[in-house]
Amino acid sequence: MLPSLITTVQNVAQAESPTSLIDFKTALLVVVTIALFAVSKKLIGLHRRIEVLETTPPFPSPSFNQTRPDVSIAPETVAAISAAVHTTLRSRLRILSVGLIDPNRQAWSAEGRRQVFASHKVR
């Protein structure tokens with residue numbers, strides 16, 4: 001876009017008449033100023049986005065449902081799960097919650113497993 005704009009400015013400057021108000025250098029200065037203004041506006045927007053990313057926590061704070069029964073998991077179990085995740089994925093991760101699985105919420109996955117197991121031929 002910029003090269004075509006420069007050629008347009010050059011064509012206007014070459015067709016200069018005695019009544020022309022601006023010359024090539026002035027027109028080029030205006031174009032460069034507008035381009036710098038646009039780039040600085042983009043950089044300001046990127047800077048604001050980076051500030052937001054730096055000030056917000058990387059993970060949402062865990063919200064606990066108070067209606068669930070109070071079932072606690074031993075800290076040793078949570079530590080073992082954390083170590084297994086770290087060893088398997090080879091990166092620092094943050095476990096947000098560890099809890100028991102509610103069988104009523106697993107209906108779709110249980111049905112999918114049932115269909116897969118039903119499709120296997122028993123020998």
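Accessible area is computed here by the Shrake-Rupley method with a 1.4 Å probe. On that basis, the chain in this predicted model exposes about 11700 Å², of which carbon and sulfur atoms supply 63%. Of the 123 residues in the chain, 3% are buried, where buried means under 20% relative accessible area.

The secondary structure comprises 4 helices and 0 strands, so that the order of elements from the N terminus is α-α-α-α. Confidence varies along this series. The mean pLDDT of the chain is 78, and 75% of the residues reach 70 or more. Helix α1 (residues 2-14) has the lowest confidence, with a mean of 71, whereas α2 has the highest, at 90. Where pLDDT is low, the predicted coordinates should not be read in detail.

Helix α2 covers residues 24-55 and contains L43. Together with V39 and L46, L43 forms a nonpolar patch on the surface, and the three residues have about 280 Å² of accessible area together. L43 counts as exposed because its relative accessibility is 52%, and the term exposed applies over 50%.

Helix α3 (residues 75-89) permits a check of geometry. Its 15 residues should span 21 Å at 1.5 Å a residue, because the expected span is 1.5 Å times one less than the number of residues. The C-alpha atoms at the ends of α3 are 21 Å apart, which agrees with that expectation. After α3 comes R90, which has a positive phi, near 55°.

Within α3 lies V78. With a relative accessible area of 29%, V78 is partly exposed, since this class lies between the limits of 20% and 50%. When neighbours within four places in sequence are left aside, V78 is in contact with I73 and V98. A further relation links V78 to G99: the two residues are 21 apart in sequence, and their C-alpha atoms are 9.5 Å apart in space.

The final topic is charge pairing in helix α4 (residues 107-119). Side chains of opposite charge can pair when their charged atoms come close. The count of salt bridges comes to 1, under a rule that places a side-chain nitrogen of Lys or Arg within 4 Å of a carboxyl oxygen of Asp or Glu. The side chains of R114 and E111 meet in a salt bridge, with 2.7 Å from N to O. Why are R114 and E111 separated by about one helical turn? They are 3 residues apart in α4. An α-helix has 3.6 residues a turn, so residues three or four places apart point the same way. Both partners are partly exposed: R114 has a relative accessible area of 47%, and E111 has a relative accessibility of 31%.

Terms used:
Residues numbered from 1 in each chain as written. Predicted model: local features only at pLDDT ≥ 70, side-chain atom pairs only at ≥ 80, totals over all residues. Heavy atoms only, no water. Helix = DSSP H or I, 4+ residues; strand = E, 2+ residues; numbered from the N terminus. Patch = residues over 30% accessible without salt bridge, like charges linked within 9 Å, V, L, I, M, F, W, Y side chains within 5 Å. Buried < 20%, exposed > 50% of the residue type's maximum accessible area, 1.4 Å probe, protein only. Contact = heavy atoms within 4.5 Å. pLDDT = per-residue confidence, 0-100.
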